[in-house]
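I opened my notebook to look through this fold from its strands to its core. Here are my entries, in the order I made them.

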Amino acid sequence: MNRNRSRGRVAGAGLGLLVVGTVASASPLTYDVVTGPSSSVALFVTNASTGTAIISDGTVLMTSGSLVEFDATAMTIPGFNFSNTGSTTLAFSSSSSLAGYSLEVSDLSVMPVTPYSSTITSTGPNAYNFTLGDLQASGDWQLINPSGKDVSGQSGSFSNTISTFNGQFAMSGTDMENLTLTGISLGTVTIEGTSVNLAADVEFNGATVPLPATIWLCGSGLVCLGFLVS
């Protein structure tokens, strides 16, 4: 993994959302990601036994391939997927037994799996809460020593099926102004004998503009939301 490159990306990391929509007003709109100055994605790592944070948070980057679909007529989110093609390196806290070490996370993906359904409720003008599931979260990890070297035998994959997930978003006309995904449970791994939980929060801010449907073709109609840790 190219950690120097990924760290450079993380330093300028932000979250964005591109938009691909359908031409007919009754059809779902699909929103894709562009960088917004007030957007953020945070990755959290806690001790699975005590709940103590051992990595309080780390900024990660969402790709321009990230998509979310909103069907205003059916009041559903037909599907979303977020995934990464790179990696990010997060430092363990000074109070952790792994102080001085870092955790590299790569190939992060969260996407709908069968069965999948979603519902949306309006909480006011252009304000919405949503519930959806099932989702599959997965990715890879590698422990990095204080010298920046991979620790042998301290790497692997994480995976978790999320049966129910809640989030919020707000609209301005047909533009999505913000999208909040809180407490996405990514999975549990064992690092140096300690079981740790990985989770992520996403906060997107910034208006988006629907683009013609011809730009986004997804044969089954399932639209994906992509999340890059890069």
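Entry 1, a hairpin. I started with strand β9 (residues 127–144) and strand β10 (residues 150–162), which pair in the antiparallel sense over nine bridges. Strands pair here if DSSP finds at least two bridges between them. I looked up Asp140 and found Ser157 as its bridge partner in β10. Between the strands of this hairpin lie five residues, and Gly148 takes a positive phi near 85 degrees.

Entry 2, ground rules. I noted that this is a predicted model, where local features need pLDDT of at least 70 and side-chain atom pairs count only at pLDDT 80 or more, while totals for chains, interfaces and linings use all residues. Residues are numbered from 1 along each chain as its sequence is written, and side-chain values use heavy atoms, with hydrogens and water left out.

Entry 3, the whole chain. I found one helix and 13 strands, and the helix comes first from the N terminus. Both are DSSP runs numbered from the N terminus: helices are H or I with at least four residues, strands E with at least two. Of the 230 residues, 46% are buried, meaning under 20% relative accessible area with a 1.4 Å probe, protein chains only.

Entry 4, the core. Which residues have the most contacts inside the largest nonpolar core? They are Leu103, Phe169, Ile184, Leu186, Ile191 and Leu198, in a core of 43 residues. Such a core is a set of buried Ala, Val, Leu, Ile, Met, Phe, Trp, Tyr and Cys residues joined through side-chain atoms within 4.5 Å. I then followed Phe169: beyond its neighbours within four places in sequence, its contacts (heavy atoms within 4.5 Å) include Phe70, Ile77, Tyr128 and Leu179.

Technical notes
Buried means under 20% relative accessible area, exposed over 50%, partly exposed in between (1.4 Å probe, protein chains only).
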